[in-house]
Amino acid sequence: MKYGCMYIDKGITFFYDAVRMCCKSAHNNKGMPFLSDYEKYNIDDIFNKKREYKKLLYNGTVPDECKGCIFLKEIENISQDDYISIIDIDSFNICNSKCIYCGIPGAETIDRNVFPIIKDLFKKKLIKDDKYGYIQFAGGEPTIMKNFENILDLCMKNGISNYMIHTNGIKYSKSIEKLLKNYDIKLIISLDSADKETFLKVKQVPCFDNVVKNIKKYVQAQKKSDISVRSKYIIIPGVNDSKEEILKWYDLSVSLGVKMLILDVEMQWFKMHNQTITKETEDIIKLIQDKCSQDNIVLDYYESLKVWFNNKNVT
């Protein structure tokens with residue numbers, strides 16, 4: 001079979017340890033395709049490595065780090081264009097929260113100087129805004145990155161139209177407010193609980209009221225779409241995995257005006273349990289599915305649950 005992957009073809013991920021092809025194979029414990037050290041960054045080397053991966057996949061050879069990835073697709077023709085349209089910024093570990101499910105290693109602040117690289121890619125006209133393209137911020141807390149606003153301003157100036165930002169909602173961002181008013185943006189806020197005690201157990205910082213206030217402000221700011229602001233709930237077995245807990249989150253999110261919800265299962269637990277979930281977790285997912293259907297709320301799923309649904313459909 002001839003395989004292709006839009007992330008290998010057009011993606012670049014600024015991860016905490018290196019510039020990589022994508023962040024989508026993180027769930028398989030096999031690492032992510034490497035492109036470059038930050039200290040030895042060279043755009044020609046990056047595109048040479050992307051071409052090597054594309055040829056391997058097209059010839060039917062799937063590298064170990066890509067095996068089992070749900071984003072591999074059968075293709076007819078290999079892409080010959082060299083440009084970037086998918087940008088994931090996960091290179092930092094600064095955060096103002098201490099979420100118990102966080103997988104970012106170390107406590108020190110890492111500044112990988114992403115801004116000059118993105119600026120160079122724009123200068124060389126190697127970033128394009130195609131139908132699959134976006135810029136995404138995740139990993140740590142983007143609103144407190146030193147160059148967060150600079151990167152957003154540069155992308156807006158150069159015609160990037162699709163933005164995805166993962167935030168804990170603790171710090172309100174005027175740049176995000178601007179995006180909500182003028183651009184196609186997916187703002188994913190990890191609420192994870194509507195109970196103050198459980199919220200504190202998950203986040204380990206006392207900021208529940210502030211997060212709720214900021215979600216409401218973001219909802220009021222969205223103009224391009226009424227599903228720009230999204231409330232996410234990571235199901236953490238033994239912590240927030242009860243029907244009572246998840247219904248509180250559902251009711252609070254909807255009361256704040258949120259019209260799109262996101263579910264996932266804590267990644268490390270999911271890996272340790274062979275990419276399966278419990279009957280109790282299935283039941284609370286079904287509960288939220290039914291509630292969303294009744295109330296005309298959009299529901300989506302993130303990496304662990306996407307893998308679970310995929311495995312379930314295959315078997």
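The questions and answers below go through a predicted model of one protein chain, setting its computed values against the definitions behind each term.

Q: What makes a feature of this model eligible for description, and how are residues numbered?
A: Because the model is predicted, local features need pLDDT of at least 70 and side-chain atom pairs count only at pLDDT 80 or more, whereas totals for chains, interfaces and linings use all residues. Residues are numbered from 1 along each chain as its sequence is written, and side-chain values use heavy atoms, with hydrogens and water left out.

Q: Why is the protein chain called as compact as a globular protein of its length?
A: The radius of gyration is taken over C-alpha atoms, and the globule rule is 2.2 Å times the number of residues to the power 0.38. The protein chain has a radius of gyration of 20 Å, close to the 20 Å that the rule gives for 315 residues, so it is as compact as a globular protein of that length. Its C-alpha trace spans about 50 × 45 × 40 Å along the principal axes.

Q: How many helices and strands are there in the protein chain, and what counts as one?
A: Helices are DSSP runs of H or I with at least four residues and strands are runs of E with at least two, both numbered from the N terminus; by that definition the protein chain has eleven helices and twelve strands.

Q: What makes the sheet open, and which strands are its edges?
A: Two strands pair if DSSP finds at least two bridges between them. Ten strands form an open sheet in the order 4-3-2-6-7-8-9-10-11-12, with mixed pairing, and the edge strands are strand 4 (34–36) and strand 12 (298–301), each of which pairs on one side only.

Q: How do you know that strand 6 pairs with strand 2 and with strand 7?
A: The requirement is at least two bridges, and five bridges join strand 2 (residues 11–15) to strand 6 in the parallel sense, while strand 6 (residues 86–90) and strand 7 are parallel over four bridges. On the strand 2 side, Ile 12 stands opposite Ile 87 and Phe 14 stands opposite Ile 89; on the strand 7 side, Ile 86 has Tyr 134 as its bridge partner and Asp 88 has Gln 136.

Q: Why is strand 6 called largely enclosed?
A: Buried means under 20% relative accessible area, exposed over 50%, and partly exposed in between (1.4 Å probe, protein chains only). Five of the five residues of strand 6 are buried, so the strand is largely enclosed by the rest of the structure. Ile 86, Asp 88 and Asp 90 point one way, Ile 87 and Ile 89 point the other way, and all are buried. In a regular strand the side chains alternate between the two faces of the sheet.

Q: What makes strand 7, helix 4 and strand 8 a right-handed β-α-β unit?
A: A crossover is right-handed if, with the strands pointing away from the viewer, the path from the first strand over the helix to the second runs clockwise. Strand 7, helix 4 (residues 148–157) and strand 8 form such a right-handed unit. Strands 7 and 8 (residues 162–167) run parallel and are joined by three bridges, with Gln 136 partnered by Met 164 in strand 8.

Q: What covers the buried residues of helix 4?
A: Phe 148, Ile 151, Leu 152, Leu 154, Cys 155 and Met 156 are buried in helix 4, and their cover includes strand 6, helix 3 (114–123), strand 7, strand 8 and helix 5 (174–182). Contact means heavy atoms within 4.5 Å; leaving aside neighbours within four places in sequence, Ile 151 is in contact with residues including Ile 89, Ile 118 and Phe 137.

Q: Which residues have the most contacts inside the largest nonpolar core, and what defines such a core?
A: A nonpolar core is a set of buried Ala, Val, Leu, Ile, Met, Phe, Trp, Tyr and Cys residues joined through side-chain atoms within 4.5 Å. The largest has 93 residues, and those with the most contacts inside it are Phe 14, Ile 89, Ile 118, Ile 151, Trp 249 and Leu 263. Its largest share, seven residues, comes from helix 7 (residues 208–221).

Q: Why does Gln 204 count as partly exposed?
A: Gln 204 has 46% relative accessibility, which lies between the two cut-offs and therefore counts as partly exposed. Gln 204 is found in the loop between helix 6 (196–203) and helix 7, and its phi is near 65°, a positive value in a residue other than glycine.
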